[in-house]
Structure formats: structure tokens, C-alpha cells
Amino acid sequence: KAQVAEKRDRLERGEQVLARLKKTQEEVSARQSDFDKLQEVIPQDAGLPVVYELIYQLGGESGLVVSSIEGESLEDPARKVATLAFTVELIGSYEGLKSFLEEAKRSARILNVNTLSIVGEGELPGALKMKLELFAYANP
């Protein structure tokens, strides 16, 4: 009788664990869209070239010319996220800059503007030369 009771107890505990696992699986499945969004915001192995392309695209769509771009990847194993640091020089109008920043804000990819400096572009009347320090992130 003791063995039967012990086996019945083990079976009940196993069924409880299985029920919890099924519930957890359902919760994860319900949140799959959140996981997919996270993958877009901080993609796996999307390094410098992908972000270069994004910056050029945002510049072009905003009517700005990317005159130079430099970047480096700063990996921090403790944080498990690589920081991609960029210095970008753009030439164009103030309206173009506003559009660039608005589009960057709406981008699925996180782009943080750390610094921004603006000076008049002497060679082109009415044009501005803008220098931005940007950060993006990747899942190494």
C-alpha cells in the first residue's frame, strides 16, 4: 500500500508540473509578438553595415546628404548587448534634420542621438552641416 501511495503521489506531482509547463507554454505563445518586436529592435548579429544602410536610407528620405559616417562596435559581455557607436555628418536643411530625427524615432531599430551640433555650410547658401553621435544596439 505504501508503494501505491508513493507512486500515486509522484504521479500527482508530475501532473502538476506538466500543467504548469503547459500554462507557461501558452503564456510564451501569447507573447510571441513581443519577442518578435524585440528581435527587430535589437537584432542578432546585425552589425555596422546594417546600421550604415539604415542611416543612409533615413538621410535620403529626409532630403539630407550623408557626407561622412564612422562607426565602431563596443561589446560588453556583462550586458549581453553590443553598442554600435556612430559619428555621422549630414548636409541639408533644418526641416530635413527634423524629418531625419522623426524617422529615426519611428524606426523599429533603436537609434539614440547622444550629441548633435549644427553649423552653417559655407559653400552652400542656406544649407546646414550637422554632426550627430548615434548609438544603436545588437544582440551579439
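Me: Hello! Let's start small: where is the place of Ser68?

Reply: Happy to help. In this predicted model, Ser68 sits in strand β1.

Me: Why does Ser68 count as partly exposed?

Reply: Its relative accessibility is 26%. Buried would need a value under 20% and exposed one over 50%, so Ser68 at 26% counts as partly exposed.

Me: Which residues does Ser68 touch, not counting those up to four places away in sequence?

Reply: Ser68 touches Thr87, Val88 and Glu89 on that count. As for Ile91, its C-alpha atom is 9.8 Å from that of Ser68, with the two positions 23 residues apart along the chain.

Me: And what is Val88 in contact with, leaving aside its neighbours within four places in sequence?

Reply: Val88 is in contact with Ile55, Val66, Ser68, Ile69, Met130, Lys131, Leu132 and Leu134. Here contact means heavy atoms within 4.5 Å.

Me: Which residues have the most contacts inside the largest nonpolar core?

Reply: Val88 again, together with Ile55, Phe86 and Leu90. That core has 22 residues. At least two of its residues come from each of α3, β1 (65–76), β2 (81–92), α4 and β4 (128–138). The element that gives the most is β4, with 6 residues.

Me: Now the helices. Why are α3 and α4 called oblique to each other?

Reply: The axes of α3 (residues 48–61) and α4 (residues 94–106) cross at roughly 135°. Roughly antiparallel would take an angle over 145, and roughly perpendicular covers 65 to 115. An angle of roughly 135° fits neither, and α3 and α4 are therefore oblique. Their axes come within 8 Å, and α3 passes α4 in a right-handed crossing.

Me: Which residues make that contact?

Reply: From α3 come Ile55, Leu58, Gly59 and Glu61, and from α4 come Phe100, Glu103 and Ala104. By class, the contact has 4 nonpolar, 1 polar and 2 charged residues.

Me: What makes Glu102 partly exposed?

Reply: Glu102 belongs to helix α4. Its relative accessibility is 34%. The partly exposed class lies between the buried limit of 20% and the exposed limit of 50%, so at 34% Glu102 counts as partly exposed. The C-alpha atoms of Glu102 and Ser62 are separated by 9.4 Å, although the two residues are 40 residues apart along the chain.

Me: One last case: how do you know that Asn139 is partly exposed?

Reply: The relative accessible area of Asn139 is 27%. Buried means under 20% and exposed over 50%, so Asn139 is partly exposed. Asn139 lies in the segment after β4. Between the C-alpha atoms of Asn139 and Glu75, which are 64 residues apart along the chain, the separation is 9.5 Å.

Conventions. Residues are numbered from 1 along each chain as its sequence is written. This is a predicted model: local features need pLDDT of at least 70, side-chain atom pairs count only at pLDDT 80 or more; totals for chains, interfaces and linings use all residues. Side-chain values use heavy atoms; hydrogens and water are left out. Axes are lines fitted to C-alpha atoms, for helices over the stretch in contact, and angles run from 0 to 180 degrees between N-to-C directions. Helices (H or I, at least four residues) and strands (E, at least two) are DSSP runs, numbered from the N terminus. Angles under 35 degrees count as roughly parallel, over 145 as roughly antiparallel, 65 to 115 as roughly perpendicular and the rest as oblique. A crossing is left-handed if the near helix is turned anticlockwise from the far one by less than a right angle, and right-handed if clockwise. Ala, Val, Leu, Ile, Met, Phe, Trp, Tyr, Cys and Pro count as nonpolar, Asp, Glu, Lys and Arg as charged, and the others, Gly among them, as polar. A nonpolar core is a set of buried Ala, Val, Leu, Ile, Met, Phe, Trp, Tyr and Cys residues joined through side-chain atoms within 4.5 Å. Buried means under 20% relative accessible area, exposed over 50%, partly exposed in between (1.4 Å probe, protein chains only).
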